[in-house]
Amino acid sequence: MAHHTQAYALPTLAPSGATAPPLRLLFWEATAACNLACVHCRRLDVSRQLSRDDLSTEQALGMIASLPQTGRPILVFSGGEPLMRPDLFELAAAARQTGLPTALATNGTIMNEEIAQQVVDVGIRRVSMSFDGPDAVTHDQFRGIDGSFDSTVRGFKELRRRGMSMQINTTVTKHNYRLLDRMYQLALELGADALHIFMLVPVGCGMELSDAIKLDPDEYEAALNWIYDRSLEQKLHLKATCAPHYFRVMRQRAKEDGRPMPTAAHPHRGMGHPGGDAVTGQTGPSSLGKDSGPALEKQGLHPHPDLSLREGEGARPSGHPGGHPGAGGHPPAEPGATTHTRAQGHPEGATGGSGGGGSGGGDMTAMTKGCLAGQAVCFVSHTGEVFPCGYLPVSSGNVKTTPLPAIWRDSSIFAALRNDDLLEGKCGMCEFKKVCMGCRARAFAESHDYLAEEPNCGYTPVRLR
Ligand code: SF4
Ligand code: SF4
């Protein structure tokens, strides 16, 4: 049965008594307001103003206080530009007091010495910034504002020199597809801990982009193989974000190369800075505007899961060499860790830590599968709407009226996403579906069915040959 969903579906709750997996990563679009207007933003209504529909300070504090009931998720402040929210540091302090690891997804352009110091002082563990090209010409064209590349580099350095764990997010399209090697070099030169390559999801402003700018399945496959090859160098944590079939590519390449699957090949394992990875950037669906439903926008951080932190890590002492962390600083693999269970810095979360228990769930590094939307990750818009991820505009309710833990536990949409038996089309017949799942947001964008097959995968499952 097709689980067809409208973009503005009313919350549908599963029978009470349902259990839920621990939430590992919560992306909160703190505000839809932003000082930039990127061409690939998931938002539809880009605004430079805070909105009266944004969660109030009290509502946001209530949401934060409820989060421990879901596990011990990493709370990612994204936007819009989260730094435009005047109570951001108050909320970050509250999250810290609650025991939640926090991360910040910013475009970096308004970062200065004072703000950078506040970010460090409030205990944010990882900051992600988006670079959509290795130079000002490419990046500024995408970002829509001249000078944004230089501003972001300055902001990046302000945090870096204070020891902050830094992540770069890059959205890949045809315009920068051939510049990935230079992006990689830029990340190394800036001393980033992680480089997350985000595969464009056609929502929000991204939907307006011409097909000429989107990668076709063959280019997509080539990009994933590039990531695999670079990840073997283990110079920094390199990750394919929202490209679930990367998990299929890793397995195929490891088999071809005769490598033991994920240890070496795993992008998250042994590669990340000890500080783990953190955030990703962009925001989620929100700005879509009420009428647009969850909107989906994206901006400084990838709205999804791209962030991972490990307990006790995050901002490093200011004595950090500033050099590339991968240069030898990688922590040894954990004894007993099995393949794919302790990927460092995988945004999607970490398995292991159950988000909660055990070591406190602070270990967000375990990686389990390609898409974790609704399974370990969710997105809350600036108006409080709850979505599986920032790019999948199917709402499960609003934290203004229903506590987030209840939505996380009871939503039938989340329940469907937690059951790979419901996947349709070739994803449903694919031998890799348990580790991949396909991108549910791309499926939705293409067919309005979030359980349909992933449209950007060039693979033919064995059962269909
Ligand atoms: S549905 Fe999954 S893979 Fe797709 S954008 Fe959302 S989190 Fe990423
Ligand atoms: S067919 Fe679907 S499940 Fe299989 S590798 Fe492609 S996207 Fe993943």
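**Figure 1. Ligand 1 sits among residues that can be sorted into classes.** Ala, Val, Leu, Ile, Met, Phe, Trp, Tyr, Cys and Pro count as nonpolar, Asp, Glu, Lys and Arg count as charged, and the others, Gly among them, count as polar. Keep in mind that you are looking at a predicted model. How many residues surround ligand 1? There are 13, and the closest are C242, C371, C389, C439 and A441. Sorted by class, the shell around ligand 1 holds 11 nonpolar residues, one polar residue and one charged residue.

**Figure 2. A close look at C242, one of the closest residues to ligand 1.** You can find C242 in the loop that runs between strand 7 (237-241) and helix 8. Its phi is positive, at about 55°, although C242 is not a glycine. Is C242 buried or exposed? A residue counts as buried if 20 or more other C-beta atoms lie within 10 Å of its own. C242 has 31 C-beta neighbours inside 10 Å, so C242 counts as buried.

**Figure 3. Ligand 2 has its own shell of residues.** Here 15 residues lie around ligand 2, and those that come nearest are C427, C430, C436, G438 and C457. What does the shell look like by class? Around ligand 2 there are eight nonpolar, two polar and five charged residues.

**Figure 4. H448 is another residue with a positive phi that is not a glycine.** The phi of H448 is near 65°. To find H448, look in the segment after helix 13 (440-447). With 15 other C-beta atoms within 10 Å, H448 is partly exposed.

**Figure 5. Helix 1 and helix 2 lie roughly parallel to each other.** Helix 1 covers residues 57-66, and its axis comes within 10 Å of the axis of helix 2. The two axes cross at roughly 20°. Angles under 35 degrees count as roughly parallel, and helix 1 and helix 2 are therefore described that way. Which residues meet in this contact? From helix 1 come T57, A60, L61, I64 and A65, and from helix 2 come E90, L91, A94, A95 and T98. By class, this contact has seven nonpolar, two polar and one charged residues. The crossing of helix 1 past helix 2 is right-handed.

**Figure 6. Helix 7 and helix 8 are oblique to each other.** Helix 7 (residues 217-231) packs with helix 8 (residues 246-257) at an angle of about 60°. Their axes are 10 Å apart, and the crossing is right-handed. On the helix 7 side you will find L224, N225, I227 and Y228, which meet Y246, V249, M250 and R253 in helix 8. The residues of this contact divide into six nonpolar, one polar and one charged.

**Figure 7. A cis peptide bond joins G79 to G80.** The omega of this bond is near 20°. G80 has its place in the loop between strand 2 (71-79) and helix 2 (88-98).

**Figure 8. N176 has contacts with residues from elsewhere in the chain.** N176 is found in the loop between strand 5 (165-172) and helix 6 (180-190). Which residues does N176 contact, once its neighbours within four places in sequence are left aside? They are D132, G133 and T138. T138 is 38 residues away from N176 in sequence, and their C-alpha atoms are 7.5 Å apart in space. N176 has 21 other C-beta atoms within 10 Å and is buried.

**Figure 9. P405 and G71 are 334 residues apart along the chain.** In space, the C-alpha atoms of P405 and G71 are separated by 9.2 Å. P405 belongs to helix 10 (residues 404-410). Not counting residues up to four places away in sequence, P405 touches S66, Q69 and T70. P405 is partly exposed, with 18 other C-beta atoms within 10 Å.

**Figure 10. Stepping back to the whole protein.** The secondary structure comes to 13 helices and 11 strands. Of the 465 residues in the protein, 60% are buried. Among contacts between residues at least 6 apart in sequence, 77% join residues at least 24 apart.

How values were computed
Residues are numbered from 1 along each chain as its sequence is written. Chains are lettered from A and ligands numbered from 1 in the order in which they are written. This is a predicted model: local features need pLDDT of at least 70, side-chain atom pairs count only at pLDDT 80 or more; totals for chains, interfaces and linings use all residues. A residue is near a molecule or strand if its C-beta atom, placed from the backbone, lies within 6 Å of it. Axes are lines fitted to C-alpha atoms, for helices over the stretch in contact, and angles run from 0 to 180 degrees between N-to-C directions. Helices (H or I, at least four residues) and strands (E, at least two) are DSSP runs, numbered from the N terminus. Angles under 35 degrees count as roughly parallel, over 145 as roughly antiparallel, 65 to 115 as roughly perpendicular and the rest as oblique. A crossing is left-handed if the near helix is turned anticlockwise from the far one by less than a right angle, and right-handed if clockwise. Two residues are in contact if their C-beta atoms, placed from the backbone, lie within 7 Å. A residue is buried if 20 or more other C-beta atoms lie within 10 Å of its own, exposed if 12 or fewer, and partly exposed in between; C-beta atoms are placed from the backbone.
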